[in-house]
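Trainee: Got a minute to go through this one with me? I'd like to poke around the core, the surface and the charged pairs.

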Amino acid sequence: MESWSAVAALAVVVPVMVCIIMEWLPLTIAALLGAMVLLLINVLTLNEAVDYIAQSSATLALFFGVMVMVRAFEPTQVFDYLATQMVRLAGGEGKRLLLGIVAVTTPICAVLPNATTVMLLAPLIPPIAEELGVNFVPLLILMVLVANSAGLLTLVGDPATFIVGDAINISFMDYLKTLSLGGAIAIGAIVVMLPVLFPSIWHKKLDNLNQLPHPKINHPRMLILGSIIVALVLIFFVIGESMPIPISPATVALAGAALCLLITHQSRIDSIQHILRDVDWSTLIFFMSVFVLVGGLEKTGVLSAASHLLALVLGRNIALGTLLLLMLVGGLSSLVPNIPLVVAMVPMLKEYVVTVGLATPEILAPDFAGVLPVAVLPLFYAMMYGATLGGNGTLVGASSNIVAAGIAEQHGRRISFHTFLRYGVPVASVQLVLTGLYLWIQ
């Protein structure tokens with residue numbers, strides 16, 4: 001590790017996190033300033049920064065595509081209409097609405113990336129909250145907590161889980177047999193905690209449902225065509241990568257966005273300029289900046305040094321290492337978005353198991369297609385659980401959290417770091433303890 005550059009990288013990243021935690025600066029400004037400082041002091045060159053962003057370009061493309069599709073549907077008022085129907089189905093009862101959000105979000109997040117699900121469903125939350133007479137911020141936070149947790153139900157439910165699973169070459173079915181129960185336990189923990197986390201909403205009840213507004217669908221032809229596009233997008237999200245000519249989820253999302261822009265332009269219900277103006281550019285810039293910050297830690301050897309420290313502390317004790325890693329990654333994932341965190345930590349963990357002699361150096365190859373020794377797999381399982389559930393801890397812990405914060409701001413409210421903390425820390429703590437017990441029993 002080059003001492004000067006490593007110290008410089010840490011001296012930039014740590015203050016950025018402090019500014020975010022203390023809410024001295026908005027997320028995007030803090031992260032962007034930090035990334036720019038790394039470039040100005042030559043810890044990273046501009047080309048290197050762009051390369052680190054490019055490594056996660058699929059994630060950025062996926063987010064952009066879904067944002068455009070969701071925005072294209074706004075003139076139809078479909079979100080207001082569906083929100084009213086959800087309140088009616090819940091009978092105006094807050095507890096049934098909370099359980100309904102869990103029931104709707106969980107199965108979708110089992111097959112779609114959680115941030116994608118939040119982009120699709122979150123626009124329903126503000127009008128639902130308005131009709132029920134409650135603050136929509138807690139409902140958005142609940143959706144995020146469920147989305148992150150449900151991402152553990154399958155291999156493709158959370159980008160962080162998929163990244164780790166791909167690194168250890170675990171199959172979809174093997175994941176279901178070995179790790180899905182942990183996701184179910186995490187969802188169960190949220191359901192049990194609902195009355196404690198959201199007492200005012202849990203006891204809320206509308207006595208007269210006839211007072212609810214009766215929004216009507218506008219531009220039904222556009223809605224029908226758009227619904228067909230969204231259905232095709234969801235289908236190809238699931239089957240696209242297994243086709244003879246694989247199609248990535250990012251490509252599918254961009255194609256869906258292009259088609260939605262086309263039918264919007266042809267129907268003249270909105271302008272392309274308005275749709276693109278309303279895309280949540282702040283969230284996209286935040287992610288790009290974070291990828292650069294983590295890239296600075298990787299280039300300067302900070303992450304490599306951390307792997308050697310891990311080897312020194314844990315030795316060859318896999319049982320102890322699994323539990324410690326679960327808590328360590330869970331804690332880190334509360335402070336650093338889990339996608340760049342696992343991208344950085346997977347090679348670090350592989351280097352650790354090689355350093356202590358539990359695996360051969362061939363696992364370090366980027367194109368490694370074999371199977372890791374069974375003895376070290378619990379470490380990678382712990383990383384999956386820790387990165388995904390730790391993301392529930394704070395506002396910056398997971399991509400879906402940032403997406404929800406952006407949607408809240410678009411609807412006139414701000415999810416502060418401390419507000420999210422009040423809900424996220426209890427949930428993440430309980431979930432990490434329960435999944436730690438699950439891994440230990442396994």
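**Charged pairs, cores and a surface patch**

Mentor: Sure, and let's start with a lysine: Lys299 counts as partly exposed, at 39% relative accessibility. Keep in mind that this is a predicted model.

Trainee: OK, what does the side chain of Lys299 meet in a salt bridge?

Mentor: Glu48, with 2.9 Å from N to O. Glu48 sits in helix H3 and Lys299 in helix H17, so to speak two distant parts of the chain, 251 residues apart.

Trainee: And Glu48, how accessible is that one?

Mentor: Glu48 has a relative accessible area of 25%, and that makes it partly exposed because the buried class stops under 20%.

Trainee: How many salt bridges does the count come to?

Mentor: The count comes to 5 salt bridges. Take a look at Arg71, which forms one with Asp270, where the closest N and O atoms are 3.0 Å apart. Arg71 is in helix H4 and Asp270 is in the loop between helix H15 (249–267) and helix H16 (272–277), so this pair ties together parts 199 residues apart in sequence.

Trainee: Are those two buried or exposed?

Mentor: Buried: Arg71 is at 9% relative accessibility, and Asp270 is at 17%.

Trainee: Which other aspartate does Arg71 form a salt bridge with?

Mentor: Asp278, with the closest N and O atoms 2.7 Å apart. That pair also links distant parts of the chain, since Asp278 is in the loop between H16 and H17, 207 residues from Arg71 in helix H4. Asp278 is partly exposed, with a relative accessible area of 28%. Through shared partners, salt bridges join Arg71, Asp270, Arg277 and Asp278 into one network.

Trainee: Since Arg277 came up, how far is Val68 from Arg277 in space?

Mentor: The C-alpha atoms of Val68 and Arg277 are 9.9 Å apart, while in sequence the two residues are 209 apart. Val68 is in helix H4 (residues 57–72), and Val68 is buried, with 0% relative accessible area.

Trainee: What is Val68 in contact with, leaving aside neighbours within four places in sequence?

Mentor: Ala257, Leu261, Ile275, Leu276 and Val279.

Trainee: Switching to the nonpolar core. Which residues touch the most other members of the largest one?

Mentor: Leu139, Leu142 and Phe286, out of 108 residues in that core. Helix H9 (residues 136–150) contributes the largest share of this core, 12 residues. Take Leu142: leaving aside neighbours within four places in sequence, Leu142 is in contact with Leu98, Ile101, Val102, Ile190, Leu194 and Phe198. Apart from the largest core lies another core of 43 residues, which includes Val356, Leu379, Leu389 and Leu439.

Trainee: And the surface? Which residues make the nonpolar patch?

Mentor: Trp4, Leu32, Met36, Val37, Leu40, Ile41, Trp281 and Ile285, making a patch of about 760 Å². Helix H2 (27–40) and helix H17 (281–299) each supply at least two of its residues, and H2 gives the most, with 4.

Trainee: Why does Val37 qualify for a surface patch?

Mentor: Val37 has a relative accessible area of 34%, and patch residues need over 30%, so Val37 clears that cut-off. Val37 is found in helix H2.

Trainee: What about cysteines, how many disulfides does a search of the whole structure find?

Mentor: The search finds 0 disulfides. Cys19 counts as buried, at 18% relative accessibility, and Cys260 is buried too, at 0%.

Trainee: Which loop does Asn42 lie in?

Mentor: Asn42 lies in the loop between H2 and helix H3 (46–55). Its phi is positive, about 65 degrees, although Asn42 is not a glycine. Asn42 counts as exposed, at 54% relative accessibility.

Trainee: And what is phi of Asn169 near?

Mentor: Phi of Asn169 is near 55 degrees, a positive value in a residue other than glycine. Asn169 is in the loop between helix H10 (159–167) and helix H11 (172–178), and is partly exposed, at 31% relative accessible area.

Trainee: Last one: is Ser416 buried or exposed?

Mentor: Ser416 is buried, with a relative accessible area of 12%. Ser416 lies in the loop between helix H22 (399–410) and helix H23 (417–441). Leaving aside neighbours within four places in sequence, Ser416 is in contact with Glu23 and Leu395.

Technical notes:
Residues numbered from 1 in each chain as written. Predicted model: local features only at pLDDT ≥ 70, side-chain atom pairs only at ≥ 80, totals over all residues. Heavy atoms only, no water. Patch = residues over 30% accessible without salt bridge, like charges linked within 9 Å, V, L, I, M, F, W, Y side chains within 5 Å. Areas by Shrake-Rupley, 256 points an atom, 1.4 Å probe, with all protein chains shown as cover. Salt bridge = Lys/Arg side-chain N within 4 Å of Asp/Glu carboxyl O. Buried < 20%, exposed > 50% of the residue type's maximum accessible area, 1.4 Å probe, protein only. Core = buried A, V, L, I, M, F, W, Y, C linked by side-chain atoms within 4.5 Å. Contact = heavy atoms within 4.5 Å. Disulfide = S-S within 2.5 Å.
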